[in-house]
Amino acid sequence: MSIPTSTTAERKPRSNNLRNAGGGRGTRSGPWPVVVLCTLIAAFSLLPLGYVATMTANAGWDTIEKLVFRPRVGELLFNTVALVVITVPLCVVIGIAGAWLVERTRLRGHKAWAVLLAAPLAIPAFVNSYAWVSAIPSLGGVFGGVLISTLSYFPLVYIPVAAVLSRMDPALEQSGSSLGLGPWKVFFRVVLPQLRLAAAGGALLVSLHLLAEYGAFAMIQFDTFTTAIYDQFRSTFNGAAANMLASVLVLFCLLLLLGESKTRGNARYARVGSGVQANPPRLPMGRLEIPGQLGLAALTVLALGVPLFHVVRWLIVGGPGIWTGSALATALLQTLGYGLAGALVTTALAFPLAFLAVRHPGPVTKLLEGANYISSSMPGIVVALALVTISIHNVPAVYQTAVVLVAAYALLFMPRALVNLRAGLAQAPKELDEAAQALGKPPLVAFLKVTLRLTAPAAAGGAALVFLGIVNELTATLLLAPNGTQTLATEFWSLSSEIDYTGAAPYALLMILLSAPMTYLLFAQSKKAAGQ
Amino acid sequence: MTTPRRPAPAASPAPAFAPDAAHVTDHLLVSGVRKSFGATEVLKGVDLTVAQGRTTAIVGASGSGKTTLLRLIAGFEAPDAGSVALDGVEVAGPSAWLPAHKRSIGYVAQDGALFPHLSVGQNIEFGLPVRGRAAASRVAELLEMVSMDPAYAKRRPSQLSGGQQQRVALARALARQPELMLLDEPFSALDAGLRVATRRAVSKTLSDAGVTTILVTHDQAEALSFADQVAVMRDGRLAQIGSPFVVYTRPSDRATAEFLGDAVILEAWMEGSLALCSLGGIPVRRPSVQGRVHLMLRPEQIRIAEGGNIHGRVVDTDYFGPETTVRIQLAPIAVDPSEPVDPHQPVGGEVISIRHWNAMLARPGTQLSLKVVGEGVVFPWDG
């Protein structure tokens, strides 16, 4: 997992009126074949969590004590906690400040800045790390980790917050002003509280990314749980040590999920009343114009300029020689192949879940969604570990095949497809399906001609985001790819690990070029999602 | 023009208040229908008969089960018990199930449910068999039928106003020449002025086409003006079925009376066919109870009349422009001191609300004379 789609939309409840309850001869919880299918998908998505839990339970207390309570784990714990505790607040502050400048002030060029602030998402964190190591070879430790991950991940807060800011009902702020608050007080007492959900959602995503990231930290030799699990796994293959570290990591993730849901509580900030919404007001910058421009420029130079500059520099240093040979073309083709296969499989698996969630909201659906939400928050390394072991022991026929890798992609990127499909299905209410049936179309035809047709654009959007995730996925791909697999990410990784920075540069460039349009899509979509 | 596949309705329409005339056949027969969602029983045994070519309104508060009943008739839901028959053929019941798309029923949803990805013309053609689609003139015909310019066929649903969307939805449903048209609160999303105009247009189109129609609504005025049979739904049951005039003037119980319009409810003592109350003795046709009762009159039955024999004092007024609501304190019921008094006899002296066109006439404190026109309805005393 590496990029959010709008978290605000993701967990938005569907209003459930009686008209939506039950359908045809089905029950309230949905037609049973769909429920069975969804249960299977949810069970599949719980594999990694189940694996870690089983391993931990089987290990016995002595093993746990021996493997978990030792100085090495303490060191990893310190690094990981320090990383999260410093990076997350930084991302929140930068994200909110950037979003506010871009969406709510008359800063010159705010439209261009709006795109530029989202753009760092197109650069995989491990490519960012590679560029920074090129710039400062000695970079490392907590400082290096915080620097790189802040620059890579602040858009995860910026995008949802900007989306909410741009759609916030100006009437609330006007009420604040009419009650005697000045502009700053309005911001802190009216605007900021409304950003809480978006910011908390973004912060959660940043934290989960920090826990899951392998490449960026391995590159600067900064040890976190994920890098340690990876090393353990490489050296001992299926050691209990890797499993124990994984269970600590999973525990971390679960704590974060819990924390975020506590912050969120039952709060839902919906606009009350109807009517056309005016655009929110923009404040004049005045004397703050220059500091504002400088701040955004500095941020853009660090997050976008440095990586692009160094990728281009290595390309120039390498000359035309680095483009020859078939390796690059092979990697591009394989990446596209995995991306497309993964996007299709993930979207297909997500569809029944989204369908159930929108058309038959209820306790069963909630449970299934919850299972999917938790399991998709598992770091790639845990998913990979689980799938390796399970495939070896239970289905050896698929071990070391593309099937397992695509399965991992589906587990990791399902929420992206789910969020989009849900939004799409919400645009295709059941009433339209029924209208088609009343016009003489059999249920299946009605479903194809209306529901599926109306959901198609959203499904394509979701599939594109899954594709983007797969293109930039490194950790699970390294562990699960069949022998001989060369994707852009794995080739980039093996070349840069051999300090062949010039040879790695074309791969970095291709990944950035593939990601750029989809990052823009994500950015554009977040604006729409917040308005729903 | 649509030519209904079934025979055209009888040339001479049945008299408005005798819907069960022999030559009219039952088109829809709903009997003993029950439906629950989870633990909530939404329909608790509903019986309804709709005659060929007639218009029935099912009216009730939200949550009374009226939309569920409509969805059962349409085939979007199946009843837990009871049956639905169309033209004498059971389409839903213990041993029968005909899915929605095979029922030859037209359905217009609350918001029209136009397909957003299709143009107006494509929406209208949607239900037609592919070979029947060729004629653009058919679409134009249908649009004209719902009083819309054929040029609209090229537009997108999102470019239409709410009233236009409703009319396109109706044209789409009419395209297949259904025998039964179901309208689920089709006017409720429209603003007041548009609502009346759209309702008239729809009503005219449907009666011209001779389609049997069922309208679900929570708006009693809409139900009374649209239909020639009104079914009042309450708590999952049909409390009363009858012509608009009958259900309005002779409601079967107090809740129905109050739901269908403003009602003046007075304590009264029923003796023979006369109800004794603060307004004097009011005639009641075929009273179901005697003794202590509630008497119901419609406000428009009570008029301010020079020389009337009922007296009251104006408490206050609400001015609405064309008319004024006047609240009047009535005098207590006069008791003959020589006769023994039944402790259950009403004492009267209630405050009632009536309407009057002249706001100047009724200033607070004014003494007024009133008279009552027509008959009252009595309901058993419920404390």
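The following paragraphs describe a predicted model of two chains, A and B, beginning with chain A, continuing with chain B and ending where the two chains meet.

Chain A is a helical chain, for 22 helices and 0 strands are assigned to it. Its C-alpha trace spans about 65 × 60 × 50 Å along the principal axes. A compact globule of 532 residues would have a radius of gyration near 24 Å, and chain A agrees with this because its own value is 24 Å. Of these 532 residues, 51% count as buried. The contacts of chain A also reach far along the sequence: of those with a separation of 6 or more, 84% are between residues 24 or more positions apart.

An annotation can be placed on this chain. In an unreviewed UniProt entry, the feature "domain: ABC transmembrane type-1" is recorded at residues 77-258 and 332-522 of chain A. The second of these spans, residues 332-522 of chain A, is 83% helix and 0% strand. The C-alpha atoms at the ends of that span lie 22 Å apart.

Individual residues give further points of orientation in chain A. W100(A) belongs to helix α4 of chain A, which covers residues 71-104. This tryptophan, W100(A), has 19 C-beta neighbours inside 10 Å and therefore counts as partly exposed, since a residue needs 20 or more to be buried. From W100(A) to E431(A) the C-alpha to C-alpha distance is 39 Å, and 331 residues separate the two in sequence. Another residue to find is Q221(A), in the loop between α10 (215-219) and α11 (225-236) of chain A. Although it is not glycine, Q221(A) has a positive phi, near 50 degrees. Q221(A) is exposed because 12 other C-beta atoms lie within 10 Å, and a residue with 12 or fewer falls in that class.

Chain B has another kind of architecture, with 8 helices and 21 strands. Buried residues account for 42% of its 383 residues. Among contacts in chain B between residues at least 6 apart in sequence, 68% join residues at least 24 apart.

The strands of chain B can be followed from its beginning. Strand β1 (residues 26-37) of chain B runs antiparallel to β2 (residues 40-51) of chain B, and 9 bridges join them. Within this pairing, S36(B) stands opposite E41(B) of β2(B). The hairpin of β1(B) and β2(B) has 2 residues between the strands, and G38(B) takes a positive phi near 60 degrees there. β1(B) also pairs with strand β4 (residues 81-86) of chain B, in an antiparallel arrangement with 5 bridges. Here L29(B) stands opposite A85(B) in β4(B).

Further along, the loop between α4 (162-175) and β8 (180-184) of chain B holds Q177(B). Q177(B) is not a glycine, yet its phi is positive, at about 50 degrees. With 15 other C-beta atoms within 10 Å, Q177(B) is partly exposed.

Later in chain B, 5 strands form an open antiparallel sheet in the order β16-β20-β17-β18-β19. The strands at its edges are β16 (302-304) and β19 (351-356) of chain B; each has a single partner strand, so one side of each lacks a neighbour in the sheet. On average, neighbouring strands of this sheet are turned by 45 degrees against each other, direction ignored. The partner of β16(B) is β20 (residues 367-372) of chain B, to which 3 bridges join it in antiparallel fashion. One residue pair in this arrangement is I302(B) with its bridge partner V372(B) in β20(B).

The two chains meet where 22 residues of chain B are in contact with 22 residues of chain A. On the side of chain B that touches chain A, α1 (66-74) and β7 (105-108) of chain B each supply at least two residues. The largest share, 3 residues, comes from β7(B). By class, this side of chain B has 13 nonpolar, 6 polar and 3 charged residues.

From chain A, helix α18 (residues 430-438) leads to these elements. It is mostly covered, with 7 of its 9 residues buried; among them are L432(A), D433(A) and E434(A). The buried residues of α18(A) pack against α19 (443-471) of chain A together with α1 and β7 of chain B. After α18(A) comes G440(A), whose phi is positive, near 95 degrees.

Key
Residues numbered from 1 in each chain as written. Chains lettered and ligands numbered in written order. Predicted model: local features only at pLDDT ≥ 70, side-chain atom pairs only at ≥ 80, totals over all residues. Contact = placed C-beta atoms within 7 Å. Helix = DSSP H or I, 4+ residues; strand = E, 2+ residues; numbered from the N terminus. Nonpolar A, V, L, I, M, F, W, Y, C, P; charged D, E, K, R; others polar. UniProt positions renumbered as here; feature names shortened; annotations may be inferred. Rg over C-alpha atoms; globule rule 2.2 N^0.38 Å. Pairing = 2+ DSSP bridges. Axes fitted to C-alpha atoms, helices over the stretch in contact; angles between N-to-C directions.
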